[in-house]
Amino acid sequence: MAQDNKITLYDLQVASGATISPFVWATKYALAHKGFDVEIVPGGFTGIPERTGGKSERLPAIVDDGQWVLDSWLIAEYLDEKYPDRPTLIGDPSVKVCGQMLEQWLWATAIGPWMTCYLKSYRDRSLECDHAYVTETRERMFGGQKLEDIIIGREDRLPQIPPKLELMRGTLREHQWFGGGSPNYVDYRMLAVFLFLSTVADIPALPDDDPLRDWIDRGFDLYGGLGRHPGMSPIFGLKKREQDPEPFERNPPEWGLTKRNTGPQSTAAETTRIKGQAG
Ligand SMILES: N[C@@H](CCC(=O)N[C@@H](CS)C(=O)NCC(=O)O)C(=O)O
């Protein structure tokens, strides 16, 4: 049992002290959701094996009353299993399966492309002692090009990303959280992507009036503003240029997938439309 309600978290930070790893962000939220006080072990990319006494090369890691738990998903499952009387993170196994599918989609759609836009500030914002390691490993990760070269053309690539997030906007039009009426671990996994973005974004990634903003702001504000570290940057403020696509759907069509059938009146307009009758 967590002594004094306290769990130790090994953080992965940049020089400002903000967390950079999405996996650590999700774990910070998971611990807050469960109502624990967190003792942070600070640090960056290098020296993780030394900091953790050889227990891990990757973060997050937590220590609960002497018990080490590694890996962000395993930590969330551990917390639910060990503390079933506290608010549930995952609950039904389908939450994990669907959450992981959604997360894989978001990483492919957003984090991957955003990385190619922000890799230089990712390195520049990291701890001084991490610069060489981050440069070498991330250049290798991204095919051997220099970080400075990878980000070239980002002004043209960044505006292509917001329109691809319509799947999230559609869902959040109908639901307050991915957890329904209150946030669950899927919200934290998805929010972690935007928290990461805010830690590395040296120029904005999303338009000011993005409908996602409501959920993102509510998420960043949770638990006394857990996602509001002073070292983080604004992620909204991307300006549309003439040649850029519309960043989001302003008048999303209502149809069978999104509109609830509550009787003929609710489907009358669609029926008129698909039957080709004048409206
Ligand atoms: N499956 C692990 C992944 C953890 C992971 O890859 N963490 C990265 C940070 S995003 C890390 O520790 N990187 C250290 C490094 O790059 O040397 C989890 O969910 O916790």
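**Close-ups of a predicted protein-ligand model**

**View 1. Asparagine 5 belongs to the segment before strand 1 (6-10).** This is a predicted model, and the first stop is a backbone oddity. Asparagine 5 isn't a glycine, yet its phi is positive, at about 65°. Strand 1, which covers residues 6-10, comes after the segment that holds asparagine 5.

**View 2. The whole chain, for orientation.** The protein's secondary structure adds up to 11 helices and four strands. Measure out the C-alpha trace along its principal axes and you get spans of about 70 × 50 × 30 Å. How does the radius of gyration sit with that of a compact globule? For 279 residues, such a globule would come in near 19 Å, and the protein's 21 Å agrees with that.

**View 3. The ligand in its pocket.** The ligand sits in the largest pocket. Around it you'll find Leu12, Ser21, Phe23, Phe45, Ile48, Arg58, Leu59, Pro60, Asp71, Ser72, Tyr133 and Arg138. Sorted by character, the shell residues come out as seven nonpolar, two polar and three charged.

**View 4. Polar contacts to the ligand.** Which side chain puts an N or O atom 2.7 Å from a nitrogen atom of the ligand? That's aspartate 71. Leucine 59 uses its backbone instead: one of its backbone N or O atoms is 2.8 Å from a ligand oxygen atom. Arginine 138 joins in through its side chain, where an N or O atom lies 3.0 Å from an oxygen atom of the ligand. As for coverage, the ligand on its own has 520 Å² of accessible area, and the protein covers 81% of that.

**View 5. The cis peptide bond between leucine 59 and proline 60.** Zoom in on the backbone here and look at omega, which is about 20° for this bond. Where along the chain is proline 60? It's in the loop that runs between helix 2 (48-51) and strand 3 (61-64). Both partners of the cis bond, Leu59 and Pro60, are also among the residues surrounding the ligand. Leucine 59 is worth a second look in this view, with its backbone N or O atom 2.8 Å from an oxygen atom of the ligand.

Terms used:
Residues numbered from 1 in each chain as written. Predicted model: local features only at pLDDT ≥ 70, side-chain atom pairs only at ≥ 80, totals over all residues. Heavy atoms only, no water. Near = heavy atom within 4 Å. Polar contact = N/O pair within 3.5 Å; in protein donor to acceptor, adjacent residues only side chain to side chain. Areas by Shrake-Rupley, 256 points an atom, 1.4 Å probe, with all protein chains shown as cover. 1 Å grid on protein atoms, 1.4 Å probe; cavity = no way out; pocket = protein on both sides within 12 Å on 5 of 7 lines; lining within 4 Å. Sits in = over half its atoms within 2 Å of the grid points. Nonpolar A, V, L, I, M, F, W, Y, C, P; charged D, E, K, R; others polar. Helix = DSSP H or I, 4+ residues; strand = E, 2+ residues; numbered from the N terminus. Rg over C-alpha atoms; globule rule 2.2 N^0.38 Å.
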